[in-house]
Amino acid sequence: MYQLEFEYIAKYLDFSKSIKVLDVGCAEGKFLDFFSREGLECYGVEVGREAAAIAESKYKVYKGNLPELEIPEKFDLIVLRGVIQYFENLKDYFRKIDSLLNENGLIYITSQPNMDSICHQLFKDKFILPVCAIARNGFSKDVLVRYWNSKNYCLVGEKYFYEETPYVDVHNDIEKVYRAAELKKQGKTVDFRSPAFWGNMMTLVFKK
């Protein structure tokens, strides 16, 4: 997935120029590795101490919650990979991100559960990545577009990875979704987790 998601955002980057990238929730820095190999200047934000220690052996890592951090740099690309559902006080995070992004910079939201997907509608709390006590927020494309449009950002890229991913099993995935739909039609409980499926995870690129 790192490779797929890097190749997608790479289409929006001019590698002939100096590019500074910030990965918010960078964990051990494995996604940043793909950007570093192409010569980008890489930075991370991470709350987990052990993960941050590994990432900072390779990159400059700011440790803690993003809105509370003093970050002197400005960035051309800010990556939010599978993290915004975990943010508390989400608008504080988004305001901070806006303040850190250069004009014409990009926000890359990817590996993000899509609450408008057919699987979320069918499976609810059995959705492959449910919104729960830890994952505080659920999002659809429209919610994110409305917010960033209100801040004068434009949606310039949209992708829903599935068939090209390592998780795909089209025949069995369709069977599970069909079975869930039949159970719901009969008023019965869906007691198994959703499969990977078309539309489950969204990838969006916003330009400032």
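Which residue of β7 does Ile109 stand opposite? In this predicted model, the partner of Ile109 is Leu204. The strands concerned, β5 (residues 101–113) and β7 (residues 201–207), run antiparallel to each other and are joined by six bridges.

This pair belongs to a wider arrangement. Seven strands form an open sheet with mixed pairing, and reading across it gives the order β3-β2-β1-β4-β5-β7-β6. The edges are taken by β3 (60–63) and β6 (154–159); each has a single partner strand, so one side of each lacks a neighbour in the sheet. On average, and ignoring direction, neighbouring strands are turned by 20° against each other.

Helices add to the picture. Helix α1 (residues 2–10) packs on the sheet, where it touches β4 (75–81), β5, β6 and β7, and its direction makes about 150° with that of β5. Helix α4 (residues 90–100) lies across β1 (20–24), β4 and β5, and runs at about 140° to β5.

A further point of interest is Glu46, found in strand β2 (residues 41–46). What is the nearest side chain of opposite charge to Glu46? It is that of Arg49, 10 Å away, and Glu46 has no salt bridge although it is buried. A polar atom of the Glu46 side chain does, however, lie 3.4 Å from the backbone nitrogen of Cys26. Leaving aside residues up to four places away in sequence, Glu46 touches Gly25, Cys26 and Ala27, along with Ala51 and Ala52, and also Val61, Tyr62, Lys63 and Gly64.

Methods
Residues are numbered from 1 along each chain as its sequence is written. This is a predicted model: local features need pLDDT of at least 70, side-chain atom pairs count only at pLDDT 80 or more; totals for chains, interfaces and linings use all residues. Side-chain values use heavy atoms; hydrogens and water are left out. Two strands pair if DSSP finds at least two bridges between them. Helices (H or I, at least four residues) and strands (E, at least two) are DSSP runs, numbered from the N terminus. Axes are lines fitted to C-alpha atoms, for helices over the stretch in contact, and angles run from 0 to 180 degrees between N-to-C directions. Contact means heavy atoms within 4.5 Å. Buried means under 20% relative accessible area, exposed over 50%, partly exposed in between (1.4 Å probe, protein chains only). Lys and Arg count as positive and Asp and Glu as negative; His and the chain ends are not counted. A salt bridge is a side-chain nitrogen of Lys or Arg within 4 Å of a carboxyl oxygen of Asp or Glu. A polar contact is a pair of N or O atoms within 3.5 Å; within protein, one must be able to donate a hydrogen and the other to accept it, and residues adjacent in sequence count only if both atoms are side-chain atoms.
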